[in-house]
Amino acid sequence: MNIIIINGPNLNLLGKREPEIYGNETFEDFFFLLKKKYSSLNLSYFQSNIEGEIISKIQETGFNYDGIILNAAAYTHTSIGIADAVKAVTTPVVEVHISNTFSRESYRHVSYISPNAKGVIIGFGLNSYELAIKSFL
Ligand code: DQA
């Protein structure tokens, strides 16, 4: 089973960025353990701070992978381009967020991705990604 995690802008700073919201763990450390735990899956990871690169990765994996786990970060709330890419592909996309976006600023309450996601997992810290993996099993 081919599953890719796609992370958007500033998620490369996990571990350093607002630890009271996003925790102290780097995504690389978390992903290493996740890959070990789900070693029977072909789990890959891509991060970009650039909207077009995220769109290209969704297009590249969106017709041949079994699942995309997408945390588009701030682009969630702004990007019609990423929303269109999610709508265009056939691979199911599960939207995830580390923090509970609904308990934060009102501009984080809107997601352009959710209407075309298979499901949405919000607010369980990095565990949100593992719950998304489980949703594909
Ligand atoms: C986030 C929530 C977004 O509002 C924010 O811009 C992020 C991270 C989350 O995982 O909690 O960068 O997607």
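**Ligand site and fold of a predicted model**

From the N terminus on, the elements of the protein in this predicted model run β-α-α-β-α-β-α-β-β-α. That order holds five helices and five strands.

Me: What makes the pair between Asn71 and the ligand a polar contact?
Reply: A polar side-chain atom of Asn71 lies 2.8 Å from an oxygen atom of the ligand. The cut-off for a pair of N or O atoms is 3.5 Å, so the pair counts as a polar contact.

Me: Which backbone atom is paired with an oxygen atom of the ligand, and why is that called a polar contact?
Reply: A polar backbone atom of Ala74 is 3.2 Å from an oxygen atom of the ligand. This value is within 3.5 Å, so the pair qualifies. Arg17 also has a polar side-chain atom 3.0 Å from an oxygen atom of the ligand.

Me: How do you know whether the ligand is buried or exposed?
Reply: Taken alone, the ligand exposes 320 Å², and the protein buries 99% of that. The ligand sits in the largest cavity.

Me: What makes up the shell around the ligand, by class?
Reply: The shell has four nonpolar, five polar and two charged residues. Among the residues around the ligand are Arg17 and Arg108; Arg counts as charged, so these two belong to that class. His77 and His97 are also around the ligand, and they count as polar because His is in neither the nonpolar nor the charged list.

Me: Why is the radius of gyration said to agree with a compact globule?
Reply: With 137 residues, a compact globule would have a radius of gyration near 14 Å, and the protein has 14 Å, so the two agree. Along its principal axes the C-alpha trace spans about 35 × 35 × 25 Å.

Technical notes:
Residues numbered from 1 in each chain as written. Predicted model: local features only at pLDDT ≥ 70, side-chain atom pairs only at ≥ 80, totals over all residues. Heavy atoms only, no water. Near = heavy atom within 4 Å. Polar contact = N/O pair within 3.5 Å; in protein donor to acceptor, adjacent residues only side chain to side chain. Areas by Shrake-Rupley, 256 points an atom, 1.4 Å probe, with all protein chains shown as cover. 1 Å grid on protein atoms, 1.4 Å probe; cavity = no way out; pocket = protein on both sides within 12 Å on 5 of 7 lines; lining within 4 Å. Sits in = over half its atoms within 2 Å of the grid points. Helix = DSSP H or I, 4+ residues; strand = E, 2+ residues; numbered from the N terminus. Rg over C-alpha atoms; globule rule 2.2 N^0.38 Å.
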